[in-house]
Amino acid sequence: MNRPIRSYVLRQGRTTPAQARALETLYPKYGIAFSHQHISSPRGAPLILEIGSGMGETTAEIAKAHPEVDFVAVEVHGPGVGSLLNRVAAAELTNVKVVRHDALDVLEHMIADGTLAAIHLFFPDPWPKKRHHKRRLVQPAFAALAARKLKDGGILHAATDWPDYAEHMDAVFSQEPLLEPAAQAFTSRPVTKFESRGQRLGHPIRELLFRRAGKAPAAR
């Protein structure tokens with residue numbers, strides 16, 4: 001898929017010494033280098049891709065609550081990757097792998113069609129200014145790609161605290177022929193510190209659940 005406009009900017013955020021050590025010492029253990037080789041669960045477990053894992057709080061909590069599921073977290077920012085690696089190591093999680101690369105490249109080249117139990121897209125950058133809307137990750141081409149990677153009945157679970165972006169995502173996903181509204185998520189989603197802060201500020205949280213048309217997913 002040809003997409004020259006990136007949905008993110010590599011900001012010059014400060015990497016702490018602990019995060020830097022994690023990138024050096026833990027990424028070789030928990031990381032997967034970008035390639036054109038497909039990722040699969042070595043034990044045949046359901047596989048979930050999390051796009052934009054941020055500082056890793058949500059990823060680590062969900063993985064700890066669902067040891068029967070394997071997770072691949074995709075994040076481009078070094079501090080976030082380092083933070084997630086430290087969380088994974090501290091909790092001794094064996095069901096999380098991390099890819100430090102652009103999520104669209106990972107989806108297109110590292111995930112085989114029809115293999116994901118779920119895709120998590122929690123609080124992506126809303127790019128609120130109208131002139132920046134073209135940078136939003138959720139566009140028709142993304143919806144088509146994501147739907148193709150899901151198993152029959154696989155869940156696309158998105159969340160945002162920007163009403164305008166919620167309406168945009170709902171419209172885009174609703175127009176994708178391979179997707180239909182879903183009644184429940186594949187896994188539960190913990191409330192993050194970022195989300196709690198938004199709620200205190202009066203930001204409405206919108207959950208969007210769609211499934212790949214087909215049989216129902218396994219029970220939560």
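**Exercise 1. Arg148 and its partner**

Task: In this predicted model, is Arg148 buried, partly exposed or exposed, and with which residue does Arg148 form a salt bridge?

Solution, step by step:
- Begin with the surface of Arg148: its relative accessible area is 35%. Partly exposed covers the range between 20% and 50%, so Arg148 is partly exposed.
- Next, look for the acidic partner. Arg148 pairs with Asp113, and their closest N and O atoms are 3.2 Å apart.
- Place both residues in the fold. Arg148 sits in helix H6 (residues 140–149), while Asp113 belongs to the loop between helix H5 (103–110) and strand E4 (116–122), so the bridge ties together parts that are 35 residues apart in sequence.
- Check Asp113 too: with a relative accessible area of 45%, Asp113 is partly exposed.

**Exercise 2. From strand E7 to helix H7**

Task: Find which residue meets the side chain of Arg206 in a salt bridge, and work out how many residues apart in sequence the joined parts are.

Solution, step by step:
- The partner is Asp170, at 3.4 Å from N to O.
- Arg206 is in strand E7 and Asp170 is in helix H7 (residues 163–174), so this pair links parts 36 residues apart in sequence.
- Now compare them with the cut-offs: Arg206 is partly exposed at 30% relative accessibility, and Asp170 is partly exposed at 23%.
- One more thing to spot while you are here: Asp113, Arg148 and Lys149 are joined into one network by salt bridges that share partners.

**Exercise 3. A buried acid**

Task: Is Asp70 buried or exposed, and what does its salt bridge with Arg43 tie together?

Solution, step by step:
- The structure holds eight salt bridges. One of them joins Asp70 to Arg43, with the closest N and O atoms 2.7 Å apart.
- Asp70 lies in strand E2 (residues 70–74), and Arg43 in the loop between helix H2 (27–30) and strand E1 (47–51), so parts 27 residues apart in sequence are tied together.
- Asp70 has 8% relative accessibility, so it counts as buried, being under 20%.
- Arg43, on the other hand, is partly exposed, with a relative accessible area of 49%.

**Exercise 4. Arg211 in its strand**

Task: Where does Arg211 lie, and which side chain does the side chain of Arg211 contact?

Solution, step by step:
- Follow strand E7, residues 206–212, and you will find Arg211 there.
- Its relative accessible area is 15%, so Arg211 is buried.
- Finally, trace the side chain: Arg211 makes a polar contact with the side chain of Glu180, at 2.2 Å.

Conventions:
Residues are numbered from 1 along each chain as its sequence is written. This is a predicted model: local features need pLDDT of at least 70, side-chain atom pairs count only at pLDDT 80 or more; totals for chains, interfaces and linings use all residues. Side-chain values use heavy atoms; hydrogens and water are left out. Helices (H or I, at least four residues) and strands (E, at least two) are DSSP runs, numbered from the N terminus. Buried means under 20% relative accessible area, exposed over 50%, partly exposed in between (1.4 Å probe, protein chains only). A polar contact is a pair of N or O atoms within 3.5 Å; within protein, one must be able to donate a hydrogen and the other to accept it, and residues adjacent in sequence count only if both atoms are side-chain atoms. A salt bridge is a side-chain nitrogen of Lys or Arg within 4 Å of a carboxyl oxygen of Asp or Glu.
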